[in-house]
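Here's a quick walk through one protein model, written for someone who'd rather look than read tables. Keep the structure open alongside and follow the residues as they come up.

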Amino acid sequence: MGQPPKTGTPVQHIPTQDAYDQWAAVYDTDGNMLQSIDDVELSTLLPSFISSVLSSRPSSSSSVSLLDLGCGTGRNTAKLLQYSWPRDRAIDITGLDFSKGMLEVAGKKLAPLKSEGIGLSLAQADCFPTVANKSASPLPEVQDLSPVDGVISTLVLEHIPVQDYFSTLASLVQTGGYALVTNMHSEMGNISQAGFVNEQGVKVRGDSFAHTVEESAEEAKRAGFEVLKTKERSVEDIDVKEGRVGERGKKWIGIRVWYALELRKVA
Ligand SMILES: C[S@@+](CC[C@H](N)C(=O)[O-])C[C@H]1O[C@@H](n2cnc3c(N)ncnc32)[C@H](O)[C@@H]1O
């Protein structure tokens, strides 16, 4: 394990939604190490998730519905859109997020990637209504929203209490469907939180929680999922040498920064 990185950067803690509205302009280009690690790992995890979702809908005539929960700028929604889907399947992809700024970037990025047979809708909503109101339905308030065959949700869980996160996730996945969740590892989360450094040199961040892999897996099970696989990832020398993460990744070498859960809804 490496030493915690030292930083003298001033930090401004603001509501998460406002933080992402501000971050949106540079989110895709500011060299974020965690997004780079997520990209590397999803290059194998996402195709395997998609083939599980497809096999849960065996009839070639059946459509496949997918949702990106906390889609942000559509970084990973784009990967769903660009996947080589079987031609005989109708694919419906929904992206949900509460940041208008992030969704505006997503809208511009994703529109040119749409192809025939693939439906895309983006909607703005607070996806975790039980955080503000424990007796609310965990299903986000979005018109015509119903549970789907597969949900991806990348780097979002960090911002949400673990129980609220998994009750919403469970409300969005049909029984027999799949979810792929990635998150900042608690080893990194105990040192740093998601955020960006603005033009004034201030690190702007929203709410963050350092959920462990174990508590996330336990809560997923409580919410009705079978945990098919967990994967943890530290930054390695080779990630920097081979340019998988930028220079800013160097300070994280030897620290676990990322994990994933592959889940199947069983209850
Ligand atoms: C680190 S970004 C990840 C975005 C995208 N999934 C990715 O991997 O690049 C976290 C996203 O979660 C969204 N988010 C956080 N809390 C949310 C909530 N309560 N409802 C909807 N979206 C939320 C933020 O607006 C932001 O776009």
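## Charges and surface

Let's start with the charges: the protein chain carries 26 positive and 34 negative ones, and the mean positions of the two groups are 3 Å apart. Keep in mind that this is a predicted model.

As for the surface, the protein chain exposes about 12300 Å², and carbon and sulfur atoms supply 49% of that area. On the inside, buried residues account for 51% of the 267 residues in the chain.

## Overall build

The protein chain is put together from eight helices and 10 strands. Its radius of gyration is 18 Å, close to the 18 Å the globule rule gives for 267 residues, so the chain is as compact as a globular protein of that length. If you want box dimensions, the C-alpha trace spans about 55 × 45 × 35 Å along its principal axes.

What about contacts across the sequence? Take the contacts in the protein chain with a separation of 6 or more: 80% of them come from residues 24 or more positions apart.

## Aromatic pairs

How many aromatic pairs does the structure hold? There are seven. In one of them, Trp23 and Tyr27 have their ring centres 5.0 Å apart and their planes at 65°, which makes the pair edge-to-face because that angle is over 60 degrees. Trp23 is buried, with a relative accessible area of 3%, and Tyr27 is buried too, at 9%.

Phe128 and Tyr165 make a stacked pair, with 5.5 Å from centre to centre and 20° between the planes. This pair links distant parts of the chain: Phe128 sits in the loop between β4 (118-124) and β5 (148-154), while Tyr165 belongs to helix α5 (residues 162-172), 37 residues apart. Both Phe128 and Tyr165 are buried. Back with Trp23 and Tyr27, ring pairs join these two with Tyr20 and Phe196 into a cluster.

## What covers helix α4

Which residues of helix α4 (residues 100-110) are buried? They are Gly101, Met102, Leu103, Ala106 and Leu110. The cover over the buried residues of α4 includes α1 (16-23), α3 (77-82), β3 (91-97) and β4.

## Two residues with positive phi

Next, a look at backbone angles. Asp144 isn't a glycine, yet its phi is positive, at about 60°. You'll find Asp144 in the loop between β4 and β5. Is Asp144 buried or exposed? Asp144 is exposed, with a relative accessible area of 75%.

Leu155 also isn't a glycine, and its phi is positive, near 60°. This residue is in the loop between β5 and α5. Leu155 is buried, with a relative accessible area of 13%.

## A few spots to click on

Ser60 is in the loop between α2 (33-55) and β2 (64-69), and is partly exposed at a relative accessible area of 40%. Setting aside residues up to four places away in sequence, Ser60 touches Asp88 and Arg89. From Ser60 to Asp88 it's 28 residues in sequence and 6.2 Å in space, C-alpha to C-alpha.

Then there's Thr230, in strand β9 (residues 225-234). Thr230 is partly exposed, with a relative accessible area of 38%. Which residues does Thr230 contact, leaving aside neighbours within four places in sequence? They are Val213, Ala260 and Leu261. Thr230 and Tyr83, on the other hand, are 147 residues apart in sequence and 23 Å apart in space, C-alpha to C-alpha.

Finally, Glu247 lies in the loop between α8 (237-241) and β10 (256-265). Glu247 is exposed, with a relative accessible area of 58%. The C-alpha atoms of Glu247 and Met33 are separated by 8.8 Å, with their positions 214 residues apart along the chain.

Terms used
Residues numbered from 1 in each chain as written. Predicted model: local features only at pLDDT ≥ 70, side-chain atom pairs only at ≥ 80, totals over all residues. Heavy atoms only, no water. Helix = DSSP H or I, 4+ residues; strand = E, 2+ residues; numbered from the N terminus. Rg over C-alpha atoms; globule rule 2.2 N^0.38 Å. Buried < 20%, exposed > 50% of the residue type's maximum accessible area, 1.4 Å probe, protein only. Contact = heavy atoms within 4.5 Å. Areas by Shrake-Rupley, 256 points an atom, 1.4 Å probe, with all protein chains shown as cover. Lys, Arg positive; Asp, Glu negative; His and termini not counted. Charge placed at Lys NZ, Arg CZ, Asp CG, Glu CD. Phe/Tyr/Trp six-rings, centres within 6.5 Å; stacked < 30°, edge-to-face > 60°.
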